[in-house]
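Me: I am new to this structure. Please take me through one part closely, the sheet, and place it in the chain as a whole.

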Amino acid sequence: MALVVVMGVTGSGKSTVGTALAERMGVPFADADDFHSPENVAKMRSGVPLTDEDRRPWLLSIGKWLAEHAARGAVVTCSALKLVYRDTLREAAPAVTFLHLHGDKATVRERVGSRPGHFMPESLVDSQFADLEPLGPDERGVVVDLALPVEVIVGRFLE
């Protein structure tokens, strides 16, 4: 069964797409936001981007969750912005496939600005795009336009 990481910058629709994909596949779903430490959430809420060091325990937790669901399959969201982050997830779950929700900064800014109560402020959108390393040709995954309807994104991934 497939292990899928729905990746992309903040506001790309990872949670919405991930939930729909997991439902369609009939597998468990987890949101990476739930794996963040209270310290990381406070840091982001105050507009401070996380460092690689901040992200390491978070990525290890997500990787562990994926490994625990390898037999049945699962979908998890995770920004997975850098190759090294994706490598950390692959170390725990070698069969993982990435669904990269890609789009333009203006669309993402608009989405982030309209999410009341979320800990990730619009001010961090630029740092997310600056950190983003697109999937490489040797990485198992699919890139889909985040502006497409959720059902279309899920369908394209499952093709």
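Before that, how much area does the chain expose, and what share of it do carbon and sulfur atoms supply?

Reply: The model is predicted. The chain exposes about 7,700 Å². Carbon and sulfur atoms supply 54% of that area. As for the inside, buried residues make up 48% of the 159 residues in the chain.

Now the overall layout. The chain has seven helices and five strands. Along the sequence, they follow the pattern β-α-β-α-α-β-α-β-α-α-β-α.

Next, the sheet. Five strands form an open sheet, and their pairing is parallel. In general, strands of a sheet pair through backbone hydrogen bonds, either parallel or antiparallel. Across this sheet the order is β2-β3-β1-β4-β5. Strands β2 (29-30) and β5 (141-145) are the edges. Each of these two pairs on one side only.

Look closer at β1, residues 3-7. This strand runs parallel to β3, residues 74-77. Four bridges join β1 to β3. For one residue to find, take Val4: its bridge partner in β3 is Val75.

A helix belongs in this picture too. Helix α1, residues 14-25, packs on the sheet. There α1 touches β1, β2, β3 and β4 (97-102). The direction of α1 makes about 160 degrees with that of β1.

Last, contacts across the whole chain. Take those between residues at least 6 apart in sequence. Of these contacts, 76% join residues at least 24 apart.

How values were computed. Residues numbered from 1 in each chain as written. Predicted model: local features only at pLDDT ≥ 70, side-chain atom pairs only at ≥ 80, totals over all residues. Heavy atoms only, no water. Pairing = 2+ DSSP bridges. Contact = heavy atoms within 4.5 Å. Axes fitted to C-alpha atoms, helices over the stretch in contact; angles between N-to-C directions. Buried < 20%, exposed > 50% of the residue type's maximum accessible area, 1.4 Å probe, protein only. Areas by Shrake-Rupley, 256 points an atom, 1.4 Å probe, with all protein chains shown as cover.
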